[in-house]
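Colleague: I would like to go through this model with you, beginning with the overall layout and then turning to individual residues.

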Amino acid sequence: SATYFQTQGHWPDFGLNADRAAVFGFIFAGANIARLLVPLRLGVALAFAPWVDENIIARFASGDDDSETSITTEAGGEGYREEE
C-alpha cells in the first residue's frame with residue numbers, strides 16, 4: 001500500500017472500483033515478479049551446490065562415520081544413545 005500511495009498520491013479507497021483494480025494490479029504484478037524469479041533462485045542454488053559440498057559439508061563430515069552410535073553418560077549416570 002505504500003507503493004500505491006507513492007504512485008497515486010492517496011491511500012486506496014476500496015469503495016471505488018478503480019482503486020480496487022489498481023491495488024489488485026500491484027499485487028498481481030508483485031506475485032508474477034516473484035514467480036519469475038523462482039527458476040533463477042533454483043539455478044543459483046544448483047550452481048552453489050559444489051561449493052557448499054566442498055567448503056561446508058566436507059568440513060563437518062570429515063572423519064565421521066554416520067552409521068556409528070555411541071553411548072554417552074550424563075552427570076546423573078544415565079546413559080543415552082547419541083548419533084555422531
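Colleague: Which pattern does the protein chain follow when read along the sequence?

Modeller: This is a predicted model, and its protein chain holds two helices and two strands. Read along the sequence, the elements follow the pattern α-α-β-β.

Colleague: Where in the protein chain is confidence lowest, and where is it highest?

Modeller: The average pLDDT of the protein chain is 78, and 73% of the residues score at least 70. Confidence is lowest in strand β1, residues 69-73, with a mean of 49, and highest in α2, with a mean of 88. Over residues 67-71 the pLDDT is below 50, and beyond near neighbours in sequence this stretch has 12 contacts in the model. The names asked for are therefore β1 for the lowest confidence and α2 for the highest.

Colleague: What share of the 84 residues in the protein chain is buried, and which residues of α2 are among them?

Modeller: Buried residues make up 6% of the 84 residues in the protein chain. The buried residues of α2 pack against α1, which spans residues 2-8. In α2, those buried are Asp19, Val23 and Asn32.

Colleague: Is glutamine 8 buried, partly exposed or exposed?

Modeller: Glutamine 8 has its place in helix α1, and its C-alpha atom is separated by 9.4 Å from that of alanine 22, 14 residues apart along the chain. Because its relative accessibility is 42%, which lies between the 20% limit for buried and the 50% limit for exposed, glutamine 8 counts as partly exposed.

Colleague: How is tryptophan 51 classed, buried, partly exposed or exposed, and what is its relative accessible area?

Modeller: Tryptophan 51 is found in helix α2, residues 17-61, and α2 bends by about 50° at valine 52. Since buried means under 20% and exposed means over 50%, tryptophan 51 falls in between and is partly exposed, with a relative accessible area of 46%.

Colleague: How much accessible area does the nonpolar patch on the surface have together?

Modeller: The protein chain exposes about 7200 Å², of which carbon and sulfur atoms supply 61%. The patch is formed by Ile33, Leu37, Leu40, Val44, Phe48, Trp51, Val52, Ile56, Ile57 and Phe60. An α-helix has 3.6 residues a turn, so residues three or four places apart point the same way. Together, the residues of this patch have an accessible area of about 980 Å².

Colleague: Among contacts with a separation of 6 or more, what share comes from residues 24 or more positions apart?

Modeller: For the protein chain, the contacts counted here are those with a separation of 6 or more. Residues 24 or more positions apart account for a share of 0%.

Conventions. Residues are numbered from 1 along each chain as its sequence is written. This is a predicted model: local features need pLDDT of at least 70, side-chain atom pairs count only at pLDDT 80 or more; totals for chains, interfaces and linings use all residues. Side-chain values use heavy atoms; hydrogens and water are left out. Patches are made of residues with over 30% relative accessible area and no salt bridge: like charges are joined within 9 Å, nonpolar side chains (Val, Leu, Ile, Met, Phe, Trp, Tyr) within 5 Å. Accessible areas come from the Shrake-Rupley method with a 1.4 Å probe; for residues, only the protein chains shown count as cover. A salt bridge is a side-chain nitrogen of Lys or Arg within 4 Å of a carboxyl oxygen of Asp or Glu. Helices (H or I, at least four residues) and strands (E, at least two) are DSSP runs, numbered from the N terminus. Buried means under 20% relative accessible area, exposed over 50%, partly exposed in between (1.4 Å probe, protein chains only). pLDDT is the predictor's confidence in each residue, from 0 to 100. Contact means heavy atoms within 4.5 Å. The bend at a residue is the angle between axes fitted to the seven residues ending there and the seven starting there.
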